[in-house]
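Q: I'd like to learn how to read a fold from its coordinates. Can we go through it feature by feature?

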Amino acid sequence: MQKTDYNEIAASYNRRYKVNYLVNIENEIKNLIASNNYKNILEAGCGTGKWINALDNNNLSVFGLDYSFEMLKISKTNKSKLNLVNADAVYIPFKDNFFDLIFCVNAIHHFPDKEKFISESKRTLIGNGMLAIFGVDPHIDKEWYVYNYFDSVYENDLKRFPSLDYLKVILNKAGYEEIETKVIEKIYSKRIGTEVLNDPFLGKQQSSQLANLSDEEYERGITKIKNQIKQNSETVFKTSVIFYLTSARKTKEK
Ligand SMILES: C[S@@+](CC[C@H](N)C(=O)[O-])C[C@H]1O[C@@H](n2cnc3c(N)ncnc32)[C@H](O)[C@@H]1O
């Protein structure tokens with residue numbers, strides 16, 4: 001599996017949140033915590049700490065795990081009480097039955113062994129604890145103009161991203177219960193002609209899809225877009241992204 005170099009991306013990563021704050025994801029995480037009275041919380045693949053920093057308060061023990069040290073360095077602000085660990089999500093370095101909630105946002109597609117992550121989460125969750133996986137599913141949602149202009153990006157996404165159906169299958173196989181999927185956030189934008197060249201997500205470091213391309217592959221895609229605009233200056237470039245939450249509970253007795 002191709003590994004995205006997040007140490008390279010770290011410095012510019014947070015730009016994406018200036019464009020799309022994704023407030024519904026933040027609200028959903030906060031709701032899960034408040035409505036279940038969770039205290040010990042882990043984000044696997046926490047990156048620059050966008051979500052864990054929003055939770056950082058005296059009543060919660062908040063942990064963030066990421067394999068990119070440069071991303072973690074950005075997570076740690078001077079006043080934060082976050083507990084950060086530089087580790088791989090498929091080997092969660094914590095004792096059994098410890099977390100009330102483990103969540104991940106836009107990260108599971110990077111984990112080399114999804115089933116191992118799911119079983120490690122189950123081991124480290126308390127009975128009745130919850131695993132919450134936020135992400136997109138290119139198997140059902142494919143309306144992103146990038147897929148049409150950059151060779152192999154869509155095919156690679158189909159390989160990298162677990163489908164919602166597959167997630168349910170492996171959660172079920174691991175013995176989780178109350179497995180549910182729901183839509184959390186929908187992003188839609190339409191750029192006409194040269195406007196697309198100002199799309200921040202067209203930057204090479206602004207998505208793992210483009211970051212994983214060689215410079216030549218990336219430039220070939222940009223040239224295709226420019227040629228298309230030359231042919232038709234009114235070309236519409238659409239982006240439609242749907243973020244889902246798949247949640248599952250570890251049974252009390254297991
Ligand atoms: C797209 S970023 C998401 C970061 C954060 N969750 C967010 O939503 O802003 C994916 C993150 O997963 C991390 N990651 C990728 N593979 C990992 C692994 N095997 N174990 C831990 N973290 C991993 C990357 O370093 C990166 O920080």
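Q: Is N27 buried, exposed or partly exposed, and why?
A: The general idea is to count neighbours: a residue is buried if 20 or more other C-beta atoms lie within 10 Å of its own, exposed if 12 or fewer, and partly exposed in between, with C-beta atoms placed from the backbone. N27 has 13 C-beta neighbours inside 10 Å, so N27 counts as partly exposed. N27 has its place in helix α3. W51 is 24 residues away from N27 in sequence, and the two are 9.9 Å apart in space, C-alpha to C-alpha. Before we go on, this is a predicted model: local features need pLDDT of at least 70, side-chain atom pairs count only at pLDDT 80 or more, and totals for chains, interfaces and linings use all residues. Residues are numbered from 1 along each chain as its sequence is written.

Q: What order do the strands of the sheet follow?
A: First the terms: helices (H or I, at least four residues) and strands (E, at least two) are DSSP runs, numbered from the N terminus, and two strands pair if DSSP finds at least two bridges between them. Here seven strands make an open sheet, ordered β3-β2-β1-β4-β5-β7-β6, with mixed pairing. β3 (83-86) and β6 (177-192) stand at the edges with a single partner strand each, so one side of each has no neighbour in the sheet. Ignoring direction, neighbouring strands of this sheet are turned by 15 degrees against each other on average; axes are lines fitted to C-alpha atoms, for helices over the stretch in contact, and angles run from 0 to 180 degrees between N-to-C directions.

Q: Which strands does helix α3 touch?
A: Contact has a cut-off too: two residues are in contact if their C-beta atoms, placed from the backbone, lie within 7 Å. Helix α3 (residues 23-36) packs on the sheet and touches β1, β4, β5, β6 and β7. The direction of α3 makes about 160 degrees with that of β6.

Q: How do I tell parallel from antiparallel pairs, say for β1 and strand β2?
A: Look at the sense in which the paired strands run. β1 and strand β2 (residues 61-66) pair in the parallel sense, over five bridges, and E43 has G64 in β2 as its bridge partner. The chain gets from β1 to β2 through helix α4 (residues 50-55), and this β-α-β crossover is right-handed (with the strands pointing away from the viewer, the path from the first strand over the helix to the second runs clockwise). β1 also pairs with β4 in the parallel sense, over three bridges; there, I41 stands opposite L101 in β4. As for burial, four of the five residues of β1 are buried.
A: For the antiparallel sense, take β5 and strand β7 (residues 236-249), which pair over six bridges. I133 stands opposite T246 in β7, and F134 has L245 in β7 as its bridge partner. β6 and β7 also run antiparallel, joined by 13 bridges, with V236 in β7 as the bridge partner of I192.

Q: Which residues of helix α6 are buried?
A: An α-helix has 3.6 residues a turn, so residues three or four places apart point the same way. In α6 (residues 114-124), the buried residues are F117, I118, E120, S121, K122 and T124. They pack against β1 (40-44), β4 (99-105), β5 (125-135) and α9 (164-173). α6 lies across β1, β4 and β5, at about 145 degrees to β5.

Q: What is unusual about phi, and where should I look?
A: Most residues other than glycine have a negative phi. N106 is not a glycine, yet has a positive phi of about 50 degrees. N106 lies in the loop between β4 and α6, and N106 is buried because 20 other C-beta atoms lie within 10 Å. S152 also has a positive phi, near 70 degrees. S152 sits in the loop between α7 (145-149) and α8 (153-160) and is exposed, with 12 other C-beta atoms within 10 Å.

Q: Which residues come nearest to the ligand?
A: A residue is near a molecule or strand if its C-beta atom, placed from the backbone, lies within 6 Å of it. Of the 18 residues around the ligand, Y6, G45, G47, S68 and H110 come nearest.
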